[in-house]
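Good morning, everyone, and thank you for making time for this. I would like to walk you through a structure that is new to most of us, so please have a look at the screen before I begin.

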Amino acid sequence: MNKKTRTIFIGNQKGGVGKTSAVFEIGYILSTRGYKTLLIDADAQRNLTSGSGIDVNTKKNIYMAINGVVGFDEAIVNIRPNLDLLPGASQMTADHFATGEGTFALREAIEVITDVLHYDYDFILIDVGPGGGQLMNMALVAADYLITVATLTKYAYEGVEMMCADLERGRKNYVGFKVKPLGILINTFKKTAESDWRQECFEELTKVYNADMFPMQLGICSLMDQCKEECMSFTEYATHARKSNNAYFKLAAQYQELVDEIVARIENAEKEAK
Ligand SMILES: Nc1ncnc2c1ncn2[C@@H]1O[C@H](COP(=O)(O)OP(=O)(O)O)[C@@H](O)[C@H]1O
Ligand SMILES: [Mg+2]
């Protein structure tokens with residue numbers, strides 16, 4: 001890949017579908033492949049920050065940096081080789097960014113990080129909290145690419161439907177709105193009586209969403225929760241703890257394939273845009 005920063009928003013207004021886990025895992029895997037990666041925690045719940053082992057009450061956080069109280073270079077912390085984090089803040093809620101100007105706060109933050117401070121990230125991954133609204137708009141306006149995480153459930157499906165509407169609105173309303181959907185990722189996949197039918201609903205929705213489903217569906221593995229206690233990524237934890245089991249191997253391999261596919265889809269999109 002040529003040198004350039006790609007900003008990816010990993011979203012769905014539905015909570016609990018695995019967005020934060022995916023941001024950490026995808027970011028970690030990208031960093032191990034030599035890509036310089038920044039994770040942005042734009043969720044007031046700050047799960048990405050605590051999951052990285054960083055104090056959630058730090059004043060050197062995204063909100064203070066956006067408001068110029070601290071520099072972005074003071075707030076950004078290195079958490080692994082090639083992997084940085086911009087810690088979250090409890091003020092990352094819609095009411096703190098309610099103005100039209102607020103919509104562009106995240107885009108401007110990224111411009112300062114890359115163009116003014118000259119951080120040479122290959123990837124920036126954005127995590128926002130559940131609920132949609134202004135924070136979701138801010139992330140859509142800031143991003144080059146969108147990955148939508150969902151589970152094969154009614155509510156997650158409705159979240160993706162709402163995201164399609166947000167994309168449509170964004171294209172109409174915001175100058176420089178450029179986000180390109182990369183795909184819908186099914187997490188905690190389990191074959192049930194209804195899963196095939198729900199899967200078909202999602203396939204149908206991709207016509208409006210405008211990108212295919214990711215072919216690898218992430219399975220369920222209980223280590224995913226245990227690794228959070230240790231502030232590690234899933235890949236890292238299972239390697240350290242040597243708690244390998246079939247569910248682990250399967251999910252770890254699916255995540256690696258997913259990252260291959262994400263990089264391939266971005267390369268494709270960039271070729272098509274030329
Ligand atoms: N593939 C998976 N297997 C098992 N548990 C998972 C998996 N993905 C996520 N989880 C768990 O589901 C919960 C919600 O995940 P999280 O990433 O916080 O979702 P969100 O950011 O969408 O709210 C967490 O406890 C997480 O550990
Ligand atoms: Mg989350």
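I will begin with the sheet, then turn to one strand and the helix that follows, and end with a single leucine.

Please keep in mind throughout that what you see is a predicted model. The sheet is an open one of seven strands, and if you read across it the order is 3-4-2-5-1-6-7, with mixed pairing. Strand 3, residues 77-80, and strand 7 stand at the edges with a single partner strand each, so one side of each has no neighbour in the sheet. From one strand to the next, the twist averages 25°.

Moving inward, strand 1 runs parallel to strand 5, residues 123-128, and four bridges join the two; here Ile 8 stands opposite Leu 125 of strand 5. Strand 1, which covers residues 6-11, is also joined by four bridges to strand 6, again in parallel, and in that pairing Ile 10 is found opposite Ile 147.

Now, how much of strand 6 is buried? Six of its six residues are, over the stretch 145-150. Tyr 145, Ile 147 and Val 149 point one way from the strand, while Leu 146, Thr 148 and Ala 150 point the other way, and all of these are buried. Strand 6 also pairs with strand 7, residues 180-186, in the parallel sense and over six bridges, with Leu 146 opposite Pro 181.

Between these two strands comes helix 7, residues 154-173, and together strand 6, helix 7 and strand 7 make a right-handed β-α-β unit. Helix 7 packs on the sheet, where it touches strand 1, strand 6 and strand 7, and its direction makes about 160° with that of strand 6.

Helix 7 also meets helix 8, residues 195-209: their axes come within 10 Å and cross at roughly 5°, and the two helices are therefore roughly parallel to each other. On the helix 7 side the contact includes Tyr 157 and Cys 164, and on the helix 8 side Phe 202 and Leu 205 are among the residues involved. The residues of this contact divide into eight nonpolar, no polar and two charged.

Finally, let me turn to Leu 106, which is found in helix 5, residues 105-116. Why does Leu 106 count as buried? The reason is that Leu 106 has 27 C-beta neighbours inside 10 Å, where 20 or more are needed. Leaving aside residues up to four places away in sequence, Leu 106 touches Ala 42, Met 138, Ala 139 and Ala 142.

Notes. Residues numbered from 1 in each chain as written. Chains lettered and ligands numbered in written order. Predicted model: local features only at pLDDT ≥ 70, side-chain atom pairs only at ≥ 80, totals over all residues. Buried ≥ 20, exposed ≤ 12 C-beta atoms within 10 Å, placed from the backbone. Pairing = 2+ DSSP bridges. Right-handed = clockwise from strand over helix to strand, strands pointing away. Contact = placed C-beta atoms within 7 Å. Axes fitted to C-alpha atoms, helices over the stretch in contact; angles between N-to-C directions. Parallel < 35°, antiparallel > 145°, perpendicular 65-115°, else oblique. Nonpolar A, V, L, I, M, F, W, Y, C, P; charged D, E, K, R; others polar.
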